[in-house]
Amino acid sequence: MPELPEVETVKRGLEPVMQGFKFERVTLNRLNLRFPFDKNFISRIQGKILTSLIRRGKFLKATLSSNDVLYMHLGMSGRFSIDNDLTAVYNSNNSTNPKHNHVIFEMSNGVVVTYNDPRRFGFMELIAPGEPSRLDKMGPEPLDNMFNAPYLFNKLSGKKSAIKSALLDQSIIGGLGNIYVCEAIFKAKISPKRLAGTLTIKETEILVNEIKGVIKKAIEAGGSSLKDFASVDGNLGYFQHSFEVYGQEKKPCVVCETPIERIIQSGRSSFYCKACQK
Ligand SMILES: [Zn+2]
């Protein structure tokens, strides 16, 4: 499942071939993904220039010359590929099955950008200027200066939920997902079961630094390639080798050799070392 670093990798791959170029032709091969497409999806995008492409949390945010904003979310298995012509799109290139090519953007520079998503948990939403969007209440980015120890300490104070759940709350921090939360709290030596409100300011400082560290390292590694995610150029990432606890159930802890445990919290797996994390 793509997380912030993977989406950042996709954004970096798409930016040079999409930003500043016009959408010559938009093709939808179905009416919905996780949500229905806007009924005027094609006409609102076709002929417009993509003026800026940024990442916010796990979303790609494309601003169009009409001032409409196109939000794109990769869901569980969404990915983009870049081709130089349409024939490549309909031939099974790299590992994507063409029957899952749901959206095709033909850009004015001749590049064809295809959105492929076998499980269809991804979605694309068009937001007109002034319209509310699901990003309005999103907390700061982990690498933003606004995300710091005093900010997080304040957000967590009095919270009775587990720290693991609090860090997945997108209104507290934008874009953090299960994998990197597991990794960061392991490095900070904090148990996923700790109540969020019990962290000291010192622990919060360490945690903030570890969150920034794992995210920075993953972005540098070009995103991970867990399960069915591949970066835009079709090459799988390689960060998965660096996970210290995520997916490491029963393997020895890299610090103390205690077997890593897996527990379920709010329906999600948490991997942790019960000796190191308190
Ligand atoms: Zn340990």
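Which residue in β6 is the bridge partner of V26? The partner is F105, as the second of the following legends sets out for this predicted model.

**Figure 1. Overall view of the predicted chain, with seven helices and ten strands.** The C-alpha trace spans about 55 × 40 × 30 Å along its principal axes. A compact globule of 278 residues would have a radius of gyration near 19 Å, and the 20 Å of the chain agrees with this. Buried residues make up 37% of the 278 residues. Of the contacts with a separation of 6 or more, 66% are between residues 24 or more positions apart.

**Figure 2. Close-up of the open four-stranded sheet ordered β1-β6-β7-β5.** Pairing in this sheet is antiparallel. Strands β1 (23–28) and β5 (79–83) form the edges, each pairing on one side only. From one strand to the next, the twist averages 15°. Strand β1 is joined to β6 (residues 101–107) by five bridges, and the two run antiparallel. Within this pair, V26 has F105 of β6 as its bridge partner. Helix α1 (residues 4–18) packs on the sheet and touches β5, β6 and β7 (112–116). The direction of α1 makes about 35° with that of β5.

**Figure 3. Close-up of the open four-stranded sheet ordered β2-β3-β4-β8.** Here too the pairing is antiparallel. The edge positions are held by β2 and β8 (123–127), each of which pairs on one side only. The twist of this sheet averages 20° from one strand to the next. Helix α1 packs on this sheet, where α1 touches β2 and β3. The direction of α1 makes about 170° with that of β2.

**Figure 4. Strand β4 and its pairing with β3 and β8.** Five bridges join β3 to β4 (residues 69–73), and these strands run antiparallel. Two residue pairs mark the register of β3 and β4: K61 stands opposite Y71, and F59 has H73 as its bridge partner. The hairpin of β3 and β4 has four residues between the strands, and N67 in this hairpin takes a positive phi near 75°. Strand β4 also pairs with β8 in the antiparallel sense, over five bridges. Y71 stands opposite E125 in β8, and Y71 likewise stands opposite K61. Strands of a sheet pair through backbone hydrogen bonds, either parallel or antiparallel.

**Figure 5. Helix α1 and the elements that cover its buried residues.** The 15 residues of α1 should span 21 Å at 1.5 Å a residue; the end C-alpha atoms are 20 Å apart, which agrees. The helix is mostly covered, with twelve of its 15 residues buried. Among the buried residues are L4, V7, V10, L14, V17 and M18, as well as the charged-letter positions E6, E8 and K11. What covers the buried residues of α1 includes β2 (50–56), β3 (59–64), β5, β6, β7 and α7 (201–220). Just after the helix, G20 takes a positive phi of about 90°.**Figure 6. Helix α6 and its surroundings.** Helix α6 (residues 178–187) is mostly covered, since nine of its ten residues are classed as buried, that is, with 20 or more other C-beta atoms within 10 Å of their own. These buried residues are I179, Y180, V181, C182, E183, A184, I185, F186 and K187. The buried residues of α6 pack against α5, α7 and β10 (268–272). Just after α6, K189 takes a positive phi of about 60°.

**Figure 7. Residue L168 in helix α5.** L168 lies in α5, which comprises residues 163–168. L168 counts as partly exposed because it has 18 C-beta neighbours inside 10 Å. Leaving aside neighbours within four places in sequence, L168 is in contact with L176, N178 and V181. Of these contacts, V181 is one of the buried residues of α6. The C-alpha atoms of L168 and N40 are separated by 33 Å, and these two residues are 128 residues apart along the chain.

Conventions
Residues are numbered from 1 along each chain as its sequence is written. This is a predicted model: local features need pLDDT of at least 70, side-chain atom pairs count only at pLDDT 80 or more; totals for chains, interfaces and linings use all residues. Two strands pair if DSSP finds at least two bridges between them. Axes are lines fitted to C-alpha atoms, for helices over the stretch in contact, and angles run from 0 to 180 degrees between N-to-C directions. Two residues are in contact if their C-beta atoms, placed from the backbone, lie within 7 Å. The radius of gyration is taken over C-alpha atoms; the globule rule is 2.2 Å times the number of residues to the power 0.38. The expected span of a helix is 1.5 Å times one less than its number of residues.
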